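Reader: Could you take me through one part of this model closely? I would like to look at the protein surface beside the DNA, and at the helix packing that goes with it.

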Amino acid sequence: MNPSRIYGKLLKHFGKQHWWPADSAFEVMIGAILTQQTTWLSVEKAIENLKKHGLLSPASLAGAKTGLIERLIRPTGFYKQKAGRIKAFSQYLRSRYNGSIYRLFTKRQTHKLREELLALDGIGNETADSILLYAGERLIFPIDAYTRRVSGRLGHKEDDYERLRAFFERNLPRSLAVYKEFHALLVRLAKEHCRIKPLCSGCPLGEECKRG
DNA sequence: ACCCAGGTGGCCC
DNA sequence: GGGCCACATGGG
């Protein structure tokens, strides 16, 4: 399969997705943790709750009561785990970077930053890469379950995270805008057409899909 | 009453 | 390297 051609088709069919919806890089990072294994609608509610309580900055979240964070993010599920993780993440930003997202991202090699993020509790491959791309403006292509499913349907055998990421990064133009948009488009496509019960009518991929 | 959601970490072999 | 499991609310 040719990712660039797929990207063109999806963009033409769906239009721009305008990811990542957030008011700040920190909001992107917190959203990236909250959105694990849940719907974006739930994350929006949680983010709204945090905002209402003034808890959308590293300093405020780092000092908040864990029980309060749990209550505010409950709709996203796994809320005890996630509350501890976003608090610990905020404390890490506070102690290591004085709460400055700018200091976190500026003058840092991407792969070093990636290793550093991966070492944190609750930040795995996809979350780290979403943060790097959408909050850090790094040329990293995140692989999520939908991207895996779509590339499988397109006949691509590779399933290993790093190899799949390398494949997309090798075959896409080196453009932040393209990376951001394509990842979002793949999610959109999979949601509408590649669920377990496939809804293939109207799928913009047509004959390219080799399901089964 | 199921099944799924923009994963991660722990444990096992 | 892989396969299973817990984590948990909310919507179809």
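Author: Here is a walk from the whole chain to the DNA-facing surfaces and then to one helix pair.

Happy to help! Please keep in mind that this is a predicted model. Chain A is built with 12 helices and 0 strands, so a run from the N terminus meets one α element after another. Its radius of gyration is 18 Å, close to the 17 Å that the globule rule gives for 212 residues, so chain A is as compact as a globular protein of that length. Along the principal axes, the C-alpha trace spans about 55 × 35 × 30 Å.

Let's turn to DNA strand B. This strand is surrounded by 25 residues, and the closest of them are Gln36, Gly124, Thr127, Ala145 and Ile196. Three elements give two or more residues to this surface: H9, helix H10 (145-153) and helix H12 (176-193). The largest share, 4 residues, belongs to H9. Sorted by class, the surface near DNA strand B has 11 polar, 9 nonpolar and 5 charged residues.

DNA strand C has its own set of neighbours. Around it we find Gln37, Thr38, Leu41 and Ser42, then Arg74, Pro75, Gly77, Phe78, Tyr79, Lys80 and Gln81, and finally Asp160. Helix H3 (40-52) and helix H6 (79-97) are the elements that give two or more residues here. The largest share comes from H6, with 3 residues. The surface near DNA strand C divides into 5 polar, 4 nonpolar and 3 charged residues.

Now back to H9, which gives the largest share of the surface near DNA strand B, to see how this helix packs. Helix H9 (residues 125-135) lies against helix H2 (residues 25-34), with the two axes 9 Å apart and at an angle of about 160°. That angle makes H2 roughly antiparallel to H9. The crossing of H2 past H9 is right-handed. From H2, the contact is made by Ala25, Val28, Met29, Ala32 and Ile33, while H9 brings Thr127, Ser130, Ile131, Tyr134 and Ala135. In class terms, the contact has 8 nonpolar residues, 2 polar ones and no charged ones.

One residue is worth finding on your screen: Thr127 is among the closest to DNA strand B, and Thr127 also takes part in the contact of H9 with H2.

Methods
Residues numbered from 1 in each chain as written. Chains lettered and ligands numbered in written order. Predicted model: local features only at pLDDT ≥ 70, side-chain atom pairs only at ≥ 80, totals over all residues. Axes fitted to C-alpha atoms, helices over the stretch in contact; angles between N-to-C directions. Parallel < 35°, antiparallel > 145°, perpendicular 65-115°, else oblique. Left-handed = near helix turned anticlockwise from the far one by under 90°. Contact = placed C-beta atoms within 7 Å. Nonpolar A, V, L, I, M, F, W, Y, C, P; charged D, E, K, R; others polar. Near = placed C-beta within 6 Å. Rg over C-alpha atoms; globule rule 2.2 N^0.38 Å.
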